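Trainee: Hi! I've just opened this one and could use a quick tour. Can we start with the DNA?
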There are 2 protein chains.
Amino acid sequence: MEVDDLVADLSQDRPRLGRSSTAERVADILRERISEGFFQPGQRLSEEAISEALRVSRNTLREAFRLLGHERLLDHQLNRGVFVRLPSVEDVLDLYRVRRVLEGSAVRRPPSPQTLALVKEAMRDAERAAAEDDWQRVGTANIRFHQALVSLNDSPRIDELMRQLLAELRLVFHVMDNPRAFHEPFVERNRVLLGLVESGRREEAAAYLDDYLDHAEKLLVHAYEPNR
Amino acid sequence: MEVDDLVADLSQDRPRLGRSSTAERVADILRERISEGFFQPGQRLSEEAISEALRVSRNTLREAFRLLGHERLLDHQLNRGVFVRLPSVEDVLDLYRVRRVLEGSAVRRPPSPQTLALVKEAMRDAERAAAEDDWQRVGTANIRFHQALVSLNDSPRIDELMRQLLAELRLVFHVMDNPRAFHEPFVERNRVLLGLVESGRREEAAAYLDDYLDHAEKLLVHAYEPNR
DNA sequence: ACGTAAGGATCGTTCAACAATTCGACAAGA
DNA sequence: TCTTGTCGAATTGTTGAACGATCCTTACGT
């Protein structure tokens, strides 16, 4: 390898150089807390209390709030504060509309073996977790499954979109009383879907997926009552 | 109508109450300036200069920067400042990947007459502008055409995504020397595409669209040299 | 050509202050 | 009892100043 090629290769690591500002790290922390349900949907996040707890200034915290607001995890109401987003039923419907588009287009493409391996790994993890009755893990593995599935589109922007979308879906799960009943039936479906994709029967996979998502949406909407 | 019904109806106007903070209005101004090319891709936006010009504090301006950064219009580099985003060739490729997914799924659905009317109106506007040699207007009408086309998906989130995506594409146009040569051939194609959609030949429309986008992407990537 | 040092410019973050707004409580009136 | 007006506490919105950290340029020496 020539020197020029070596440095060209090195430039791939460029993004890893980007450190992060305090505001971004604060956003990371809050995102994680929201995602794990520590902050519940609808809850108000006090600027004073949180800035004090994290030992950052209100200004810095507000920058972090803006970031998460743009990701639809927080709801910023003028002069009233920021609240953990509480998705409406219409939000759920829209989320599934987008999923149908993204996942549908994903299974219609010729899959790359590497990303397909990720899909399969997520599926197996979900199965193992289900066998161990660990429904929390089943849920996250299931999310990984669909995230990997969408990454078959081979588009960074779509990956990012799906990430946000699933984070938003997590909010929905947190207001449901019984997430295990929701995740259980899909462990098996994931295997079937992956089988269809692997064997190249793309239209069948797409049809199966549509049915899959219809079913999930119906279950979710039925069980979902964001009114307290 | 009962009183209860009246107030229930009134609650539809709830969103109109939402005023906007200074940071959001600042973001609106900057977004517009970037979109119209007043701020050129790659240009650095000084916190001090802009906060002074708009008479807002640096803190408020930074909140606005965070918003636009999340929309990929600004590039925030730690300790170096914010720059108007200068999309790379890979960005262009990815933008078109997403467009293929969004627009492709749009034309495969049964179109609603109202949104279809919007598509047609944008197409006609582009044609009129082309007849008058107003290529600036052709560009914006063409964007409206595709925005309306995507809205056939009937999903607010997809609409929003497309909006951002097209704003990002505008950045690309601004670094090209000759946008008119780029927009010209697509005026006619828009009419053909709309014809296919209207007559319900969805798969043909999808195929035509794929070819359309392939062509546009090739033209763009060929003419696009983000190196100064 | 390379390493180092110094300086200025700009960003990152904090802090304190004040204006604007919301919200609940409570009293006045029908 | 129900409605409406008003007050005050609490919180957010925004500002301006301050200081350390980082980057960039220039100059100097090897």
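Trainee: So what classes of residue make up the surface near DNA strand C?

Mentor: Happy to help! This is a predicted model. In it, the surface near DNA strand C has 10 polar residues, along with 4 charged and 3 nonpolar ones.

Trainee: Which residues are the closest to strand C?

Mentor: They are A:S21, A:T22, A:S57, A:T60 and B:G81, out of 17 residues that surround DNA strand C.

Trainee: And which elements supply at least two residues there?

Mentor: Chain A brings α3 (22-35) and α5, while chain B brings α4 (47-54) and α5 (58-70).

Trainee: Nice. Switching topic: how many residues of chain A are in contact with chain B?

Mentor: There are 23 from chain A, in contact with 23 from chain B. On the chain A side, α5 (58-70), α6 (89-107) and α9 (156-175) each give two or more residues.

Trainee: Which of them gives the most?

Mentor: That's α6(A), with 7 residues. By class, the chain A side has 8 nonpolar, 8 polar and 7 charged residues.

Trainee: Back to α6(A), then. At what angle does α6(A) pack with α9(A)?

Mentor: About 145°, and their axes are 11 Å apart. The crossing of these two helices is left-handed.

Trainee: Which residues make that contact?

Mentor: From α6(A) you have A:V92, A:L95, A:V98, A:R99 and A:L102. Facing them from α9(A) are A:I158, A:M162, A:L165, A:E168, A:L169 and A:V172.

Trainee: And how do those split by class?

Mentor: The contact of α6(A) with α9(A) has 9 nonpolar and 2 charged residues, with no polar ones.

Terms used. Residues are numbered from 1 along each chain as its sequence is written. Chains are lettered from A and ligands numbered from 1 in the order in which they are written. This is a predicted model: local features need pLDDT of at least 70, side-chain atom pairs count only at pLDDT 80 or more; totals for chains, interfaces and linings use all residues. Two residues are in contact if their C-beta atoms, placed from the backbone, lie within 7 Å. Helices (H or I, at least four residues) and strands (E, at least two) are DSSP runs, numbered from the N terminus. Ala, Val, Leu, Ile, Met, Phe, Trp, Tyr, Cys and Pro count as nonpolar, Asp, Glu, Lys and Arg as charged, and the others, Gly among them, as polar. Axes are lines fitted to C-alpha atoms, for helices over the stretch in contact, and angles run from 0 to 180 degrees between N-to-C directions. A crossing is left-handed if the near helix is turned anticlockwise from the far one by less than a right angle, and right-handed if clockwise. A residue is near a molecule or strand if its C-beta atom, placed from the backbone, lies within 6 Å of it.
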